[in-house]
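Good morning, and thank you for making time on the agenda. I would like to take you through one structure, and I ask that you keep the display in view as I speak.

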Amino acid sequence: MRRLLARRMKFHLLGAFVLSVGCATLYKFGIAEPRKRAYAEFYKSYDPMKDFEAMKAAGVLECAPPK
């Protein structure tokens with residue numbers, strides 16, 4: 001029973017470290033990178049003036065009434 005806590009603590013600390021690094025890696029490559037690519041792809045062809053005109057024509061904006 002001597003040093004049982006110390007041995008268990010080493011095991012659990014190592015496991016927690018490996019698990020946290022694994023989760024961070026999965027998040028980066030599973031969520032963050034695809035999201036960055038999707039935003040980059042969207043803004044390659046995004047025209048803010050065209051979007052503004054569409055919102056203005058739809059009556060969404062109070063400051064710019066539709067014509």
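Searching the whole of this predicted model yields three aromatic pairs. In one of them, Phe42 and Tyr43 meet edge-to-face, with 5.0 Å centre to centre and 80° between the planes. A further pair joins Tyr43 to Tyr46: the ring centres are 5.4 Å apart and the planes stand at 85°, over the 60 degrees required, so this pair is also edge-to-face. Taken together, Phe42, Tyr43 and Tyr46 make up one aromatic cluster.

How accessible are the members of this cluster? Phe42 has a relative accessible area of 46%, which lies between 20% and 50%, and therefore ranks as partly exposed. Tyr46, at 32% relative accessibility, is likewise partly exposed.

I turn now to the helix. Helix α1 covers residues 4–44, which is 41 residues. At 1.5 Å a residue the expected span is 60 Å, and the end C-alpha atoms lie 59 Å apart, so the two values agree. Nevertheless, α1 has a kink of about 35°, centred on Lys28. Lys28 also sits over the face of Phe29, 5.6 Å from the ring centre.

Finally, the cysteines. How many disulfides does the model contain? The count is zero, with a disulfide taken as two cysteine sulfur atoms within 2.5 Å. As for accessibility, Cys23 is partly exposed at 45%, whereas Cys63, with a relative accessible area of 72%, passes the 50% limit and therefore counts as exposed.

Thank you; I welcome your questions.

How values were computed: Residues are numbered from 1 along each chain as its sequence is written. This is a predicted model: local features need pLDDT of at least 70, side-chain atom pairs count only at pLDDT 80 or more; totals for chains, interfaces and linings use all residues. Side-chain values use heavy atoms; hydrogens and water are left out. Buried means under 20% relative accessible area, exposed over 50%, partly exposed in between (1.4 Å probe, protein chains only). Helices (H or I, at least four residues) and strands (E, at least two) are DSSP runs, numbered from the N terminus. The expected span of a helix is 1.5 Å times one less than its number of residues. The bend at a residue is the angle between axes fitted to the seven residues ending there and the seven starting there. Rings of Phe, Tyr and Trp (its six-membered ring) pair if their centres lie within 6.5 Å; planes under 30 degrees apart count as stacked, over 60 as edge-to-face and the rest as tilted. A charge sits over a ring if NZ of Lys or CZ of Arg is within 6 Å of the ring centre and within 35 degrees of the ring normal.
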